[in-house]
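Let's walk through a structure together, one feature at a time. Have the viewer open and follow along.

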Amino acid sequence: MQTKIAQLRQQVEAEIGSVTTEDQLEAFRIKFLARKGLVASLFDDLKNVPAPEKPMAGKYLNELRQRTQMLFDEKAASLKSTPHVSAQLDPTLPGRRKFLGTKHPLMQTLDEIKSIFVGMGFGIADGPEIEDDWHNFSALNFPPDHPARDMQDTFFVDRNILLRTHTSPVQIRVMENNTPPIRTIMPGRVYRNEAVSARSLCNFYQVEGLAVDVGITFSELKGTLLSFARRFYGKDIKYRFRPSFFPFTEPSAEMDITCFICRGKGCRMCKQSGWLEILGCGMVDPNVFTSVGYDPEKYTGYAFGMGIERTAALLYGVDDIRLFYENDVRFLRQF
Ligand code: PHE
């Protein structure tokens, strides 16, 4: 009897150690402590023990029952104080927010401009960012001593090879490879050797436009750009064309619209003038037609060009265009 009790005690001690859940603890209770459990069945055996051994056997058995009950109670208490979750998971932590990516504000602006011109019947063309002097300057009627050809303004790769300073060379490429009628916009990156500031970058985007056909007039240029501006900036904008100069257009103009921040009253954005300059434009200079082998007596056309960073900055009220290139998600998430 004494060995049986000792064996059962070992079993109890071993099994309580591997209990880690309430269910396992309940199974332990049923196995050892229930009315038909192993401890109770040893009490049943007590009647077969010879009389002289009975008091000792009874004493050991009682001790075993108390010990088992104590182990059970201790385990029950410790299971209660341990939460029923794995150590890695802390349900009190705040949830993790996931953010959806969005198109970059510059690309959103560009897409909007493209879709307006495509809706008016324009195609889209592309050209290289590394250009030669011919396409970037000479064919566009820049005189040999024009200041834009200076190293101060242009990044040269080689003597006659440079990073394009505007998207106008794509006009030349489109005309060299096509015959009129032409109606195309040409978006792309351009480079200028300029000090970076809140208002200028050395690398930015432009959208160029070109229309060439028989009988195109300045009023078509105005009508097209006005339709664009009304769709892009709002139906009720006012506009004006100011005389300007570009070597590749004659006459040349700059288009202004009423400042939509202050509605023309004058503010920081429009430098108190009430007007915002949005693009440069003009009628294609006859010398440009001659460069590409078009007959300037037969064809006329117009061209325009606008900067995307400035346009996006105006549209979204961003006062420093460098923000578009810092890729700070706190900035980008707003668009
Ligand atoms: N290329 C000119 C610029 O970069 C803009 C322009 C394009 C002006 C087409 C007239 C016609 O400033």
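**Reading the backbone and the ligand site**

Q: Let's start in strand β7. Which strand holds Pro-251, and which residues does that strand cover?
A: Pro-251 sits in strand β7, residues 249–258. Keep in mind that this is a predicted model.

Q: How do I read the peptide bond from Glu-250 to Pro-251?
A: Look at omega. The bond from Glu-250 to Pro-251 is cis, with omega near -5°. Another cis bond joins Pro-180 and Pro-181, where omega is about 5°. Pro-181 is placed in the loop between α7 (168–177) and β4 (182–191).

Q: Back to β7, then. Is Ser-252 buried or exposed?
A: Go by relative accessible area, where under 20% means buried. Ser-252, also in strand β7, has 6%, so it counts as buried.

Q: What does the side chain of Ser-252 pair with?
A: Check the distances between polar atoms. The side chains of Ser-252 and Thr-249 make a polar contact of 2.6 Å. A polar atom of the Ser-252 side chain also lies 3.2 Å from the backbone nitrogen of Phe-246. Beyond its neighbours within four places in sequence, Ser-252 touches several residues, including Arg-242, Pro-243, Cys-281 and Gly-282.

Q: Now phi. Which sign does it have at Arg-263?
A: Positive: phi of Arg-263 is near 55°, and the residue is not a glycine. Arg-263 is in the loop between β7 and β8 (275–284), and at 56% relative accessibility it counts as exposed. Asn-327 has a positive phi too, about 55°, and is likewise not a glycine. You'll find Asn-327 in the loop between α11 (323–326) and α12 (329–332); with a relative accessible area of 49%, it is partly exposed.

Q: On to the ligand. Which residues come nearest?
A: Take the shell of residues around the ligand and pick out the closest. Of 14 residues, His-166, Ser-168, Arg-192, Gln-206 and Glu-208 come nearest.

Q: Which polar side-chain atoms lie close to ligand atoms, and at what distances?
A: Ser-168 has a polar side-chain atom 3.0 Å from a ligand nitrogen. For Arg-192, a polar side-chain atom is 2.8 Å from a ligand oxygen. In Gln-206, a side-chain N or O atom lies 3.0 Å from an oxygen of the ligand. The protein buries 89% of the 330 Å² that the ligand exposes when taken alone.

Q: Where does the shell around the ligand come from, and what is it made of?
A: α7, β5 (203–213), β8 and β9 (300–307) each supply at least two of its residues. The largest share, three residues, is from β9. By type, the shell divides into five nonpolar, seven polar and two charged residues.

Technical notes. Residues numbered from 1 in each chain as written. Predicted model: local features only at pLDDT ≥ 70, side-chain atom pairs only at ≥ 80, totals over all residues. Heavy atoms only, no water. Helix = DSSP H or I, 4+ residues; strand = E, 2+ residues; numbered from the N terminus. Buried < 20%, exposed > 50% of the residue type's maximum accessible area, 1.4 Å probe, protein only. Polar contact = N/O pair within 3.5 Å; in protein donor to acceptor, adjacent residues only side chain to side chain. Contact = heavy atoms within 4.5 Å. Near = heavy atom within 4 Å. Areas by Shrake-Rupley, 256 points an atom, 1.4 Å probe, with all protein chains shown as cover. Nonpolar A, V, L, I, M, F, W, Y, C, P; charged D, E, K, R; others polar.
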